[in-house]
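Dear colleague,

I am handing over the structure we spoke about, and I would be grateful if you could look through it alongside the notes below.

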Amino acid sequence: MVVMPISDFRRRVMHHHTEIFKKADVIVTPTTGTTAPKIPPSALKYGETDMQVTGSLVRFVIAANLLGLPAISVPIGYDKQGLPIGLQLMGRPWGEASILRLASVVEVHLFSFRAPILRSLARCGISQSLSTSGERNRVPGISPCFGVISSFKNYFDMGKKRVMLPAEELDLSTVKYEAEDIDAPHLTGLTFRLFVKILEAPLIGPAVISYLKNKNRMVEFLRSTVIPEPPMYRPEYPPQDPEPGTILLDEDGNPKDRVELALKCLPDYDPANSWNGNLSQFRYWKIRDYAYAYRSKLVTPSMVAERIITVIEEFSHKKPPAPLLISFDAEEVRKQAAASTKRFEEGKELSILDGIFMAIKDDIGCHPYIMKGATTWKDETNSNNEDAVCVSRLRTCGVILVGKANMHEMGMGTTGNNPNYGTTRNPHAPERYTGGSSSGPAAIVASGICSAALGTDGGGSIRIPSSLCGVVGLKTTYGRTDLRGSLCESGTVDIIGPIASSVEDVTLVYATILGSHPMDRNILKPSPPCLPNFPSIESLNAMGSLRLGKYTQWFNDVHSTDISDKCEDILNQLSKTHGCEVVEIVIPELHEMRTAHLVSIGSEMLTALNPDCEDGKGKELNYDTRTSMALFRSFTASDYVAAQSIRRRIMYHHMEIFKKVDVIVTPTTGMTAPKIPPSALKYGETDMHVTGYLMRFVVAANLLGLPAISVPIGYDKQGLPIGLQLMGRPWGEASILRLASVVEELSGSKKRPVSFYDVLKES
């Protein structure tokens, strides 16, 4: 069962009305379902609540507000008691002129009620396309609504009111960077279990949550602040200029054609040299290496499948458990590999991706497995085992899907900790976290077992583990990939994107899975998808003109200077070698941005899980998930609206920055892979300081839906991977892929992970 947030119900109702307006010019209803109600004398002193009266009064007016449509009420006569009656005329978007014209005609023909006025209009040559009778039943999703009264506690929490200047009036010279200081306990083991019990207790729990929210200034940002901007419930972008040095892709076309075109965009590469060359220096095999080996009959997909099956089964016996996959069927893998092997034998391979092994995160649909979101029970409430849209596109190209990859439960965490199945370990340091929530996808790629994987990213969930595991992770623009068939398909901050060992392989997978949901295309109006023509002169010239935005104080706010120094070194090389200009920028309201993202993703997650929680499944969630849910339940409707108003402000700030720069550059994370406390393996943990460091630079791309990529650039003094994040303009995937490819080249050789398996060319 997929539960939609309010913004998605709005989208459904807008679709219904758009269809209606293909058949009618104006929707005609009474303005109200009752004439003026009497005032009860007893209501004069203390007021009253009468939802039946409210329902009758708002019955016909809600659609215009929910959908922002123009509507006018015209007096048309009186009832038998002599009370006025109004007729409502609701028009298409921006159709004020049409309803004003019709209203003036109605005004001339004042009849007593519904049918007479419509008959009179018909005599004037105006056709009646829709009957007013039963109109609210013919437009799904419209119902009377009423507000919920806030508690007195919320009232007193407001404190002193803070008024924000309109975003366009903010003087950036007055903005002072404030280091993030999260005030929350770090808990594991039995102490953590007790803490969760307290949070879920009826009286003390809300008090603890309220205390922590006040300590972290959330109430100040959401309830004590007047925000002048209207809410933005989904990312909205101004039109974007075409990207230079690119090749357009047809998002409605066959994925095999797109991946073939993507292949032609790549730099020259001779897999034979790599296969026969000196392997003393570590490197990952590319997708093109696999294709060469298959076509040259050096190895078959079935041979590789057997090696992968052996490794996966080895992982299943580890103590304590640390699985890469949580749903795996060896026979299903053998079946796909045998079909691919046969195609190569017959010279009928489907694409460059035929025979390429990929893992799919457990919140994305992949036949024959039921997606569980790495819970222990989601398969009991969700029987869908079909491919998500993105997965079906991969399958069309011959990709072999090895199973469902481990993840932080329901995507609600940044470390990858999961007591349900075991916590996936970082291939570079098994005592450390992979990062999350796409822990399994990043680890299985970094281990060399799969060439690529699909993850989801609602709060850095592709980029964080990619950075910590030393691989490449792409977060696309919101709406660029189709979310249908995933657990996050109704979100406004989530995307599905690829993880791979190289920018080249990420590009090939991205070209395969891209393509917007038709409704998103209609609403978001995306620029046509394109890829950089990597070797072209025009593409090289585009590199030299790039302006790279750097907010120095934010850039340097990291746990270890190893990170900022390594990232700074790459910027210097880009300037020296390719002529890129580094431009100092200021990004205001970073604290507000983080709060708005938390409220947005938290409210959407709560909406999705509430039905299951009402059925008693909430107690079967992990303790850290339950901690998050306790916080999310404290958010009110006004908090959500305030967060969306902040989203519009932050969007304005970033669009102004992108007038001066082409890409915003930061470290991907504020720390390298954190250690796994042994006490966290059984019950999980909560450590918001670690979460703060891991999410420090990733949130803007999710809240604003901007494209971003994490590229490995080296290692800290402990040998742990460091990632550089490149965030681009809306629909600017080609620009960040081009820059990422250059960064990858400048970063030098990679270290062989401690846990690595060469499944293509066993020695």
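What follows concerns the salt bridges.

Please keep in mind that this is a predicted model. The count of salt bridges comes to 42, and three of the pairs are described here.

In one of them, the side chains of K286 and E504 meet with 3.2 Å between N and O. Because K286 sits in the loop between α13 (271–276) and α14 (287–295) while E504 belongs to helix α21 (residues 503–513), this pair ties together parts that are 218 residues apart in sequence. K286 counts as partly exposed, at 22% relative accessibility, whereas E504 is buried, with a relative accessible area of 8%.

A salt bridge also joins the side chains of E568 and K550, at 2.5 Å from N to O; here E568 lies in helix α25 (residues 561–578) and K550 in strand β17 (residues 547–550), so that the pair links distant parts of the chain, 18 residues apart. E568 is partly exposed at 25% relative accessible area, while K550 is buried at 8%.

In the pair R649 and E589, the closest N and O atoms are 2.6 Å apart. R649 is in helix α28 (residues 637–657) and E589 in the loop between β18 (581–584) and α26 (590–614), and the salt bridge therefore ties together parts that are 60 residues apart in sequence. R649 is buried, at 1% relative accessibility, and E589 is buried as well, at 13%.

Finally, R162, E178, R217, E220 and E592 are joined into one network by salt bridges that share partners.

With best regards

Definitions and conventions:
Residues are numbered from 1 along each chain as its sequence is written. This is a predicted model: local features need pLDDT of at least 70, side-chain atom pairs count only at pLDDT 80 or more; totals for chains, interfaces and linings use all residues. Side-chain values use heavy atoms; hydrogens and water are left out. A salt bridge is a side-chain nitrogen of Lys or Arg within 4 Å of a carboxyl oxygen of Asp or Glu. Helices (H or I, at least four residues) and strands (E, at least two) are DSSP runs, numbered from the N terminus. Buried means under 20% relative accessible area, exposed over 50%, partly exposed in between (1.4 Å probe, protein chains only).
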